[in-house]
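Here are some notes on the charged side-chain pairs. Please read them with the structure open.

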Amino acid sequence: MATTTEEQIEEVRRLIASIPAGFVATYGDIAEAAGLSSARTVGWIMRTDSADLPWHRVLGASGKPSAHLAHRQIAKLELEGVPIKDGRIDLKKARYHF
């Protein structure tokens, strides 16, 4: 596995910070915009370096939050007006395009 550079970490952080309230992006969207080969790299960066970022605006490709974060994440997104139905974010309406 290739080492993730400080520049790549900062680019992922910049992209996450740029997602406006009321919108979301997927791990894959961010990976693509950052030129990374895997959405998993974005997940790793978020696990290690995202406490000061709007982490709740980043989702898996299904639009459904991770089970361990679902309640907090959905509550935050609802406050921002993100369209949610049956615990799933409507990516067609809420996806942010970088």
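**Salt bridges across the chain**

1. Asp29 is buried, at 18% relative accessible area. The model is a predicted one. Asp29 counts as buried because its 18% falls under the 20% cut-off.

2. The partner of Asp29 is Arg95. Their salt bridge has its closest N and O atoms 2.9 Å apart. The two residues come from distant parts of the chain: Asp29 sits in helix α2 (residues 27–34), Arg95 in the segment after α5 (91–94), with their positions 66 residues apart. Arg95 is partly exposed, at 26% relative accessibility.

3. Glu80 and Arg57 form another salt bridge, 2.7 Å from N to O. Glu80 belongs to the loop between α4 (70–79) and β3 (84–85), and Arg57 to the loop between α3 and β2, so parts 23 residues apart in sequence are tied together. Here the acid is partly exposed, with Glu80 at 22%. Arg57 is buried, at 12% relative accessible area.

4. Asp49 pairs with Arg13 in a salt bridge of 3.5 Å, N to O. This pair also links distant parts of the chain, 36 residues apart: Asp49 is in the loop between α3 (39–48) and β2 (58–59), and Arg13 is in helix α1 (residues 6–18). Asp49 is partly exposed at 29% relative accessibility. Arg13 is buried at 15%.

5. Which residues are linked with Arg13 in a network of salt bridges? They are Glu10, Asp49 and Asp52.

6. For the tally, the model has 7 salt bridges. The pairs described above include Asp29 with Arg95 and Glu80 with Arg57.

Conventions:
Residues numbered from 1 in each chain as written. Predicted model: local features only at pLDDT ≥ 70, side-chain atom pairs only at ≥ 80, totals over all residues. Heavy atoms only, no water. Salt bridge = Lys/Arg side-chain N within 4 Å of Asp/Glu carboxyl O. Helix = DSSP H or I, 4+ residues; strand = E, 2+ residues; numbered from the N terminus. Buried < 20%, exposed > 50% of the residue type's maximum accessible area, 1.4 Å probe, protein only.
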